[in-house]
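Colleague: Could you take me through one part of this model slowly, as if I were seeing a helix for the first time? I would like to know what lies around it, and then how a pair of helices can be described.

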Amino acid sequence: QELDCILRRMPKAELHIHIEGSLEPELIFRMAQKNGIKLVYPSVEALRAAYAFTDLQSFLDIYYAGAGVLQTEEDFFDMAWSYLERAKADNVIHSEIFFDPQTHTARGVAFATVINGLHRAIERGREELGLSASLILCFLRHLSEADAFATLEEALPFRDKFIGVGLDSGERGNPPEKFAAVFGRCQALGLRLVAHAGEEGPASYISDALDLLRAERIDHGVRCLEDPQLVARLASERIALTVCPLSNVKLAVFPELGSHNIGRLLAEGIVATINSDDPAYFGGYLNENFTATFAALPQLGARQAYQLARNSFEASFVAEETRKRWI
Ligand code: ES4
Ligand code: ZN
């Protein structure tokens, strides 16, 4: 009870949230109606009932379908604004937000429509909520590297509106090396680099994301424990993992929260953080991820709570002076 209070009230940063994964069923239905898009689900309840995933791909199919209702700059603004208000309620003071432009440009929505809507919400969040946020452009790894290069070209006129790039979507069969050249180009452009690795894919994808993509932070990374040398490296080089416990259970990476390895990651000295991933789909925003995980794992207490909050600031891409003030 007291621990719950600490978890909910402590200021924190969120470093792994897909903005399209914050789109609640109610908003999907409202936007579908407004934009004249026919959904295969007859009601909000029926849509929510379809959120029974067996693995990453079964989730992605529904997630991309949901994102299909977004059409106008206002739609992207409304989605991001809803998330920022919700994050504020969880005492998130800084958020680094993923977006998947290829999901939208492939449907004929302009890159400018996507990023201008998201960016306007972030500006308003700073003004009205006192919450700082930035955008990270994710390449879809099930598409080709040429597609990623084309997306990067479209994004460059908006270079000041995003701080870095990431790599998401189906991991198996789409290893880091597939995107080595485009990440090299992004690094040369001064973009910050992150990549999903070691969620469903093996520990070697984590090492490859570090060595071949020069990723500065690993999204998920929970399978690192399969490689003791990698664990030692992550700890000594202070390479952060953005772990998403509720996501991991919903996508059957772990059978239940009680068998999640976040306690072990922290005990190994890894800069692990807790994040919500796709909160509208996985049953909770950031504070629910914290409270449910702490309730399920007896080795987690107040020490780990403060460590996780501190880690979230250390691992963020905000300027060092700001980071020090927060820590
Ligand atoms: C994602 Cl949980 C997860 N993994 C990989 N790609 C994603 N995109 C949105 N959520
Ligand atoms: Zn993710």
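**A close look at helix α2**

Modeller: Happy to! The buried residues of α2 are covered by parts that include α3 (44-49), α4 (56-67) and α5 (73-89). Please keep in mind that this is a predicted model. Helix α2 itself spans residues 25-35, and P25, I28 and M31 are buried in it. Where do these residues sit around the axis of α2? They cover an arc of only 130 degrees, so they lie on the same side of α2. Just after the helix comes G36, and its phi is positive, near 65 degrees.

Now for the pair of helices. Two packed helices are described by the angle between their axes and the distance between the axes. Take helix α8 (residues 145-155) and helix α9 (residues 180-188): their axes come within 9 Å and cross at roughly 20 degrees. Angles under 35 degrees count as roughly parallel, and α8 and α9 are therefore roughly parallel to each other. On the α8 side, the contact is made by E145, A148, F149 and L152; on the α9 side, A181, V182, R185 and C186 take part. Sorted by class, this contact of α8 with α9 has six nonpolar residues, two charged ones and no polar ones.

Finally, you can look at ligand 1 with the same habit of asking who surrounds what. Its surroundings include H18, G21, L56 and Y63, and also D168, S169, H196 and E199; S247, D277 and D278 belong to the shell as well. By class, the shell around ligand 1 has five polar, four charged and two nonpolar residues.

How values were computed: Residues numbered from 1 in each chain as written. Chains lettered and ligands numbered in written order. Predicted model: local features only at pLDDT ≥ 70, side-chain atom pairs only at ≥ 80, totals over all residues. Near = placed C-beta within 6 Å. Nonpolar A, V, L, I, M, F, W, Y, C, P; charged D, E, K, R; others polar. Axes fitted to C-alpha atoms, helices over the stretch in contact; angles between N-to-C directions. Helix = DSSP H or I, 4+ residues; strand = E, 2+ residues; numbered from the N terminus. Parallel < 35°, antiparallel > 145°, perpendicular 65-115°, else oblique. Contact = placed C-beta atoms within 7 Å. Buried ≥ 20, exposed ≤ 12 C-beta atoms within 10 Å, placed from the backbone. Arc of directions from axis to C-beta.
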